[in-house]
Protein chains: 2
Amino acid sequence: MSSPRRITLKELAAELGVSTASVSNAFNRPDQLSPALRERILGEAKRLGYRGPDAKARSLRTGRSRIIAVVLAESLTYSLNDAVASELLSGIAEVLDAHGHTLLLLSGRQHASQAPGSASIADGFIAYGLLPPTLMVSADLPAQRPLVAVDFSPEGYPAVHIDNEPASHMIARHALRTPPRRPAIVSLRLTAEPCNGRVTQAHTQLPPEQTITRSRLAGFHRALEERGFTPSAVPIWNIEENTFEVCAPVIAEILDLPDEERPDLLLCMSDRIALTALTLAEQRGIRVPEDLRITGFDGIAEGQYRAPRLTTVRQDSVEKGRIAARMILGLEPAEPRLLHTALMIGDSCP
Amino acid sequence: MSSPRRITLKELAAELGVSTASVSNAFNRPDQLSPALRERILGEAKRLGYRGPDAKARSLRTGRSRIIAVVLAESLTYSLNDAVASELLSGIAEVLDAHGHTLLLLSGRQHASQAPGSASIADGFIAYGLLPPTLMVSADLPAQRPLVAVDFSPEGYPAVHIDNEPASHMIARHALRTPPRRPAIVSLRLTAEPCNGRVTQAHTQLPPEQTITRSRLAGFHRALEERGFTPSAVPIWNIEENTFEVCAPVIAEILDLPDEERPDLLLCMSDRIALTALTLAEQRGIRVPEDLRITGFDGIAEGQYRAPRLTTVRQDSVEKGRIAARMILGLEPAEPRLLHTALMIGDSCP
DNA sequence: GAACGACTCTGTATCGATTTAGTTAGCCTT
DNA sequence: AAGGCTAACTAAATCGATACAGAGTCGTTC
């Protein structure tokens with residue numbers, strides 16, 4: 001336990017009989033001293049086991065830590081297992097790595113309760129999908145520090161988005177080309193109050209915060225209307241968390257409806273929902289796409305590598321992450337960006 | 001750009017006419033000052049927009065940052081999309097969160113090149129699956145700082161492991177109960193030189209570093225021997241990266257062999273490999289398990305939610321992460337731990 | 001009524017670096 | 001030979017907090 005305490009720059013300087021400035025320069029600005037001295041310093045440093053300037057002290061002095069924090073709306077546990085969030089993080093990590101920065105993971109939830117915010121270490125923040133109320137709580141994160149938002153739009157900050165409404169309009173339009181008898185929508189976190197199941201009249205007052213979900217719903221509704229359906233007559237089921245475990249019971253409820261009530265088209269707001277539907281339909285001997293057509297949203301890998309291949313809208317979450325990271329590093333102008341999506345026609349809804 | 005610079009603790013103290021010590025105590029040790037003063041300080045802090053002590057300065061002074069770094073063998077981009085690594089991270093994040101710590105993500109690869117290590121910020125390190133050579137490079141990470149290893153065993157550090165050899169022996173034994181005509185092994189990173197495909201004689205000298213892979217192979221071989229097979233006669237294909245994209249061509253090579261050479265049992269070293277085999281077999285009309293039996297390893301969710309359900313060995317990666325995190329936080333003794341695994345018999349190899 | 005302890009609060013050294021302004025020495029110019 | 005430059009190096013202030021030792025006040029206790 002009595003570790004031989006790490007040697008400091010000052011001690012190293014004393015040992016060598018040079019100033020601390022020179023040692024610092026040896027590590028950071030080689031052009032500021034003679035190669036000979038630099039060599040001598042680096043050599044002695046290695047000999048004494050000095051690992052280079054301490055990051056804590058350096059970041060205090062310089063004001064920069066080369067750390068970017070990503071604040072995730074959901075718990076880290078959830079986010080790390082969600083394909084879309086993982087892809088986003090991948091994109092962010094890729095760019096940060098390439099520019100010598102590191103990634104600190106914060107959860108919007110955790111953070112609120114967290115005693116003394118270790119957040120002020122970060123040079124900048126990338127916030128993902130925070131809801132306005134959560135944002136308020138954690139808004140004091142970026143005390144004058146740069147913040148880039150992904151998948152939501154806090155006022156006054158640059159944001160990276162996809163075109164949710166046109167995208168879902170596009171896929172719904174495709175699905176409705178073959179007119180379904182009973183279309184249905186399976187939505188993600190649409191209601192103000194948590195509700196895992198059929199959305200009833202009681203939930204009609206949709207909260208305005210859920211911008212993504214609402215935009216996607218709007219796209220579905222527009223397409224339905226264009227094809228002669230009455231949007232309000234199309235049933236909506238709501239899913240509280242985008243995981244198999246939470247989706248499964250709701251999907252089961254839908255698939256186990258009596259034949260004459262069971263939908264023959266599911267417009268799902270995420271691939272995870274659609275994949276769950278695919279799995280449960282298979283288990284029940286419901287044929288996809290003959291008896292039931294299913295569309296997803298996101299374009300995650302899992303949906304493309306399985307049979308039947310999922311019909312979905314691909315959004316490039318990795319690229320979204322890259323852009324956000326480049327913005328926060330100042331490598332590209334931090335201004336609102338809207339990424340486009342692509343319809344991917346698979347076998348689940350040809 | 002001329003941000004009104006964040007106010008400091010000292011300025012706040014001056015404003016209030018109290019000492020900096022009191023302000024610090026107001027935030028950190030409420031019992032050290034009267035409730036009245038504390039109230040006054042906190043009030044004024046809020047009024048002036050003071051967010052609480054700066055993390056950089058605090059961590060320099062106290063020597064603790066409440067940040068734990070996870071060093072991943074692979075690139076972050078890969079790790080974030082790998083189910084096993086994600087689960088591990090989930091487990092780690094869960095425990096760290098619960099104890100007010102945050103997670104810094106470092107890649108073993110990135111780190112080597114990274115200019116000035118921002119690593120010395122961390123209070124401790126959890127290293128995952130580093131190969132000895134890589135570890136050497138990054139060994140100077142934990143300058144006298146605690147380190148817990150996961151899935152490998154650097155000398156002198158506590159490590160969390162699973163029982164790889166018994167586990168793969170167990171599943172191979174199960175698979176061989178129904179004697180296959182032509183068993184084959186699909187391995188992960190087994191060879192010294194990168195080799196994506198059939199392992200030939202040239203690769204016989206297996207490097208000793210790949211402890212996990214070697215242990216799993218040993219388990220397979222022991223079971224094969226017990227069932228009367230000559231291990232050296234069982235063909236091995238090697239996969240360089242545990243992703244669909246890298247697996248697919250190798251699996252295709254196997255499945256496209258002429259009927260009389262094609263294996264009828266694949267012992268795969270990961271679920272990802274096994275799932276790829278499942279998908280490609282399906283595409284080719286090869287029936288699983290009738291024509292081809294497949295076993296995996298890991299027990300990732302994706303394999304359990306699809307049909308046919310994967311026969312595999314479940315390792316609790318989340319728990320592995322939790323344990324590593326608790327060790328690094330000193331919540332449980334940092335001593336070698338071996339987790340047990342469970343055979344999960346699915347439909348891919350009944 | 002002196003001594004003691006319990007509460008509050010303050011002064012200041014310190015954590016380990018970076019960086020500005022400045023000093024010295026040596027060389028070149030004219 | 002004087003002035004001007006540059007290169008190489010240093011002294012010391014500073015980043016923003018924490019925590020120790022001590023100072024002052026006030027109520028108890030013997």
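Of the atoms of DNA strand D within 4 Å of the protein, what share belongs to sugar or phosphate, and what to bases? In this predicted model, sugar or phosphate accounts for 66% of those atoms, and the rest belong to bases. Here is a friendly walk through that DNA surface, then through a strand of chain B, and finally through some salt bridges of chain A.

**The protein surface around DNA strand D**

- There are 26 residues around DNA strand D, and those that come nearest are Arg61(A), Leu9(B), Ser24(B), Asp54(B) and Arg61(B).
- Sorted by class, this surface has 11 nonpolar, 11 polar and 4 charged residues.

**Contacts to the phosphates of DNA strand D**

- From chain A, a polar backbone atom of Ser19(A) lies 3.1 Å from a phosphate oxygen of DNA strand D.
- From chain B, Tyr50(B) uses its side chain, where an N or O atom is 2.9 Å from a phosphate oxygen of the strand.
- Asp54(B) offers its backbone instead: one of its polar backbone atoms is 2.7 Å from a phosphate oxygen of DNA strand D.
- Looking at whole elements, helix H2 (20–28) and helix H4 (55–62) of chain A, along with helix H2 (20–28) and helix H4 (55–62) of chain B, are the ones that give two or more residues to the surface near DNA strand D.
- The element that gives the most is H4(B), with 5 residues.

**Strand S2 of chain B**

- Strand S2 (residues 102–107) of chain B is largely enclosed by the rest of the structure, because 6 of its 6 residues are buried.
- Thr102(B), Leu104(B) and Leu106(B) point one way from S2(B), while Leu103(B), Leu105(B) and Ser107(B) point the other way; all are buried.
- Across the two chains, strand S2 (residues 102–107) of chain A runs antiparallel to S2(B) and is joined to it by 3 bridges.
- In that pairing, Leu103(B) of S2(B) is the bridge partner of Leu105(A).
- Within chain B, strand S1 (residues 67–72) runs parallel to S2(B), and 6 bridges join the two.
- Leu103(B) appears here as well, standing opposite Ile68(B).

**Salt bridges in chain A**

- The whole structure holds 36 salt bridges over all chains, and a few from chain A follow.
- Glu226(A) and Arg222(A) pair through their side chains, with an N to O distance of 3.6 Å.
- These two residues are separated by about one helical turn because they sit 4 residues apart in helix H10 (residues 211–226) of chain A.
- Glu226(A) counts as partly exposed at 42% relative accessibility, and Arg222(A) is also partly exposed, with a relative accessible area of 34%.
- Arg284(A) and Asp256(A) form another salt bridge, 2.6 Å from N to O.
- Arg284(A) lies in the loop between helix H12 (271–283) and strand S10 (293–295), and Asp256(A) in the loop between helix H11 (244–255) and strand S9 (265–268), so this pair ties together parts of chain A that are 28 residues apart in sequence.
- Arg284(A) is partly exposed, at a relative accessible area of 32%.

**A salt-bridge network in chain A**

- Arg322(A) and Glu319(A) form a salt bridge whose closest N and O atoms are 2.5 Å apart.
- Because they are 3 residues apart in helix H14 (residues 317–328) of chain A, about one helical turn separates them.
- Arg322(A) has a relative accessible area of 21% and is partly exposed; Glu319(A), at 22% relative accessibility, counts as partly exposed too.
- Through shared partners, salt bridges join Glu94(A), Glu319(A), Arg322(A), Arg326(A), Glu332(A) and Arg337(A) into one network.

Methods: Residues numbered from 1 in each chain as written. Chains lettered and ligands numbered in written order. Predicted model: local features only at pLDDT ≥ 70, side-chain atom pairs only at ≥ 80, totals over all residues. Heavy atoms only, no water. Near = heavy atom within 4 Å. Polar contact = N/O pair within 3.5 Å; in protein donor to acceptor, adjacent residues only side chain to side chain. Nonpolar A, V, L, I, M, F, W, Y, C, P; charged D, E, K, R; others polar. Buried < 20%, exposed > 50% of the residue type's maximum accessible area, 1.4 Å probe, protein only. Pairing = 2+ DSSP bridges. Salt bridge = Lys/Arg side-chain N within 4 Å of Asp/Glu carboxyl O.
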